Amino acid sequence: QVQLVESGGGLVQAGGSLRLSCAASGRAFSSYTMGWFRQPPGKEREFVARISWSAGSTYYSDSVKGRFTISRDNAKNTVSLQMNSLKPEDTAVYYCAARPSDYHPFNSWGQGTQVTVSS
């Protein structure tokens with residue numbers, strides 16, 4: 001497993017942007033598939049985006065496609081989520097997650113960072 005720490009959350013107006021970062025520890029980071037999930041108030045955690053170990057493949061939920069971009073820097077052990085055109089419904093606690101391969105579930109999680117989008 002890897003240890004994950006998110007940062008970059010905050011309060012932003014609708015239409016604004018935020019960039020979340022996730023710092024990972026562990027030598028195996030570069031081989032892991034990384035993902036972002038979120039949990040809106042009163043709702044279950046939901047998938048946002050994922051990126052393959054080589055950054056050659058990305059996948060997004062329909063609700064964020066075209067507005068959010070996931071990226072990673074294996075040399076720095078970081079994964080980021082650039083969020084543009086934010087909407088109030090994007091308000092949630094955002095979590096960084098990791099899994100050893102696409103044949104495993106996400107099994108390493110950060111503590112979460114709050115994103116609040118005001119209307």
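The radius of gyration is taken over C-alpha atoms, and the globule rule is 2.2 Å times the number of residues to the power 0.38. The model is predicted: local features need pLDDT of at least 70, side-chain atom pairs count only at pLDDT 80 or more, and totals for chains, interfaces and linings use all residues. Residues are numbered from 1 along each chain as its sequence is written, and side-chain values use heavy atoms, without hydrogens and water.

**Exercise 1. Test the protein chain against the globule rule.**

Step 1. For 119 residues, the rule gives a radius of gyration near 14 Å.
Step 2. The protein chain has 13 Å, which agrees with a compact globule.
Step 3. Add the extents: the C-alpha trace spans about 40 × 25 × 25 Å along its principal axes.

**Exercise 2. Describe the secondary structure of the protein chain.**

Step 1. Apply DSSP runs, numbered from the N terminus: helices are H or I, at least four residues; strands are E, at least two.
Step 2. The protein chain has eleven strands and zero helices.
Step 3. The pattern along the sequence is β-β-β-β-β-β-β-β-β-β-β.

**Exercise 3. Place Arg50 in the fold and classify its exposure.**

Step 1. Arg50 belongs to strand β5 (residues 46-51).
Step 2. Set the classes: buried is under 20% relative accessible area, exposed over 50%, partly exposed in between (1.4 Å probe, protein chains only).
Step 3. Arg50 has a relative accessible area of 28%, so Arg50 is partly exposed.
Step 4. Take contact as heavy atoms within 4.5 Å. Leaving aside neighbours within four places in sequence, Arg50 has contacts including Thr33, Tyr59, Arg99 and Phe106.
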